[in-house]
Every structure is written in structure tokens, then in C-alpha cells.
Amino acid sequence: MATGRTHRPATRSRGIPEATVARLPLYLRALTALSERSVPTVSSEELAAAAGVNSAKLRKDFSYLGSYGTRGVGYDVEYLVYQISRELGLTQDWPVVIVGIGNLGAALANYGGFASRGFRVAALIDADPQLTGKAVAGIPVQHTDDLEKIIQDNGVSIGVIATPAGAAQQVCDRLVAAGVTSILNFAPTVLSVPDGVDVRKVDLSIELQILAFHEQRKAGEEAAGESAVPAAANRGDSADQGPDGDMPAVMPA
């Protein structure tokens, strides 16, 4: 069985821009939904709308994959699923460890989407001895004392950190020292890693704060719109008012 230790995605060697790489999972999600509905082909416009991008950007992204579609027909859904899956490295088995089996870590362990997308939760690790041996999502939790051995035994190159912020850097250092080269960080802190190690950060509180900003702005725009209505109503005789609204624009002769 292939593992992440000896196989790396081909995106960097083929010169695909990082922005394109970030959009490939969006295309794959939309294409998978089409495949499940037995849709054979899809136009760039339809797929772009489903993925939330514009069609010109989609066609440019697919050109990096060597896929240009057929005029009047569109893209072959199954072939694109294969192409993108291969480019993302999802046609092989990627063993993943989750460190930190609190509420978030347990939720991640129970997420059923990993297996269908090329990932296998190989181990669950936590520092709490009371959790050791307890099954979460059918997988027994192992103690952090055995972290390095777990990484080596399972050939893991992808680690998920779901620990409290104070423990995240130490866990990260141990993962990297054991051979992990890609980390998905859910801890609310910035991790320091050496060159050659990729880190993706997921901070739910930051995402919520960004949404709060937009909600506040929308509320401000609505309030401004409401206050503008009576002001306009008060200017019903604006033809007889001056630029400041308090004197006629044209004085009578």
C-alpha cells in the first residue's frame, strides 16, 4: 500500500500556481457531486458556478492540468475527477494522525469524509492517560509518549494538530522530528516549522470574526439607507431650494 512518505503530489514539479492548487479541491467537490448524479459532461460555466469561481479562471486553471475540454461538449466529468485527484495526490492512501482528542479532535476522527477523499486516520494521539485505550470512531487513542513510534510504524507524513494552543508547538516539533512533512493546524496559534514542512492553519474564531465584520458593515449600510429616506422626503420641494437646502436656488426677481 502506498503511503505519503514516499509519494508527493506533482503540483510543484509541474509548476502549477499555489492559487490554482487552492481551487482544485473546490472543482473536485463540485465534480464529485456531478459524478454521483451520473452527469457525463459539464460546461466550464456550469462547473465554475458550482465551484464559486468565474469560468475564465477555471479554464486557465485546467490548462495547467492539460485539460481543455471539447467545444460544444464541455469537460468529461469522470476524467476530470481522475485528473484532479491524481494531481492532488488522492489516488493513493494517505495515513493521517490526529493529535489532541478533545471535542474538536474527536469530531475530526468521526468525520466520514476522509476515507472517500484519499485519507485514512491511522492513529489518534492524546496526552491524557485517561483517554489511552478509549475508542473514538472505532480507533483506540494512544498516548503522546508513543508519538514517534506511531509515526514511524504507520509511515505518516500528514499530521493534524487539535491540541490547546500552549501544547501545539511542542507537538509540532515532535511530529516534524519524527518525519511528518505536512501539518493541518487547528490550534489557535502560529506554528514555526523548518523549510520543507507545509502548514495549513484552520482558525474557526478568525473566520467567525471576518463574518462579524461583514455583518457589522451590512448593518451599517442598512442604517445609512434608512436614514437617507426621511432626508430625501424632506427635500420634496428641492426644486425651490438652494444647494444647502435652506434657501431658493434662484432668487425671485
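**A pocket and three helix pairs**

In this predicted model, the second largest pocket is lined by Val-99, Gly-100, Asp-126, Ala-127, Thr-144, Leu-147, Thr-163, Pro-164, Ala-167, Gln-170, Val-171 and Arg-174. The space inside this pocket comes to about 160 Å³. Helix α8, spanning residues 165-178, supplies the largest share of the lining, with four residues. Sorted by class, the lining of the second largest pocket holds six nonpolar, four polar and two charged residues.

The helix that contributes so much to this pocket also packs against a neighbour. Helix α7 (residues 147-154) and α8 have axes that come within 9 Å of each other and cross at roughly 40°; α7 and α8 are therefore oblique to each other. Their crossing is right-handed. On the α7 side, the meeting residues are Leu-147, Glu-148, Ile-151 and Gln-152, and on the α8 side they are Arg-174, Leu-175 and Ala-178. This contact consists of four nonpolar, one polar and two charged residues. Two of the names recur from the pocket: Leu-147 and Arg-174 belong to its lining and also take part in the contact of α7 with α8.

Attention now turns to helix α1, beginning with its packing against α2. Two packed helices are described by the angle between their axes and the distance between the axes. For α1 (residues 18-36) and α2 (residues 44-51), the angle is about 110° and the axes lie 9 Å apart, which makes α1 roughly perpendicular to α2. The crossing of this pair is right-handed. From α1, the contact draws on Leu-26, Tyr-27, Ala-30, Leu-31 and Leu-34, while α2 provides Leu-47, Ala-50 and Ala-51. In terms of class, eight nonpolar residues make up the contact of α1 with α2, with no polar and no charged residues.

Helix α1 also packs against helix α4 (residues 77-87), at an angle of about 145° and with the axes 9 Å apart. Here the crossing is left-handed, whereas that of α1 and α2 is right-handed. Leu-24, Tyr-27, Leu-28, Leu-31, Thr-32, Leu-34 and Ser-35 of α1 meet Val-77, Glu-78, Leu-80, Val-81, Ile-84, Ser-85 and Glu-87 of α4. The contact of α1 with α4 has nine nonpolar, three polar and two charged residues. Tyr-27, Leu-31 and Leu-34 of α1 serve in both contacts, touching α2 as well as α4.

Terms used: Residues are numbered from 1 along each chain as its sequence is written. This is a predicted model: local features need pLDDT of at least 70, side-chain atom pairs count only at pLDDT 80 or more; totals for chains, interfaces and linings use all residues. Side-chain values use heavy atoms; hydrogens and water are left out. On a 1 Å grid over the protein atoms alone, a cavity is a set of points where a 1.4 Å probe fits but cannot get out, and a pocket is an open set with protein on both sides within 12 Å along at least five of seven lines; lining residues have an atom within 4 Å of a point. Grid points are joined across faces, edges and corners, and a volume is the space filled by probe spheres set on the points. Helices (H or I, at least four residues) and strands (E, at least two) are DSSP runs, numbered from the N terminus. Ala, Val, Leu, Ile, Met, Phe, Trp, Tyr, Cys and Pro count as nonpolar, Asp, Glu, Lys and Arg as charged, and the others, Gly among them, as polar. Axes are lines fitted to C-alpha atoms, for helices over the stretch in contact, and angles run from 0 to 180 degrees between N-to-C directions. Angles under 35 degrees count as roughly parallel, over 145 as roughly antiparallel, 65 to 115 as roughly perpendicular and the rest as oblique. A crossing is left-handed if the near helix is turned anticlockwise from the far one by less than a right angle, and right-handed if clockwise. Contact means heavy atoms within 4.5 Å.
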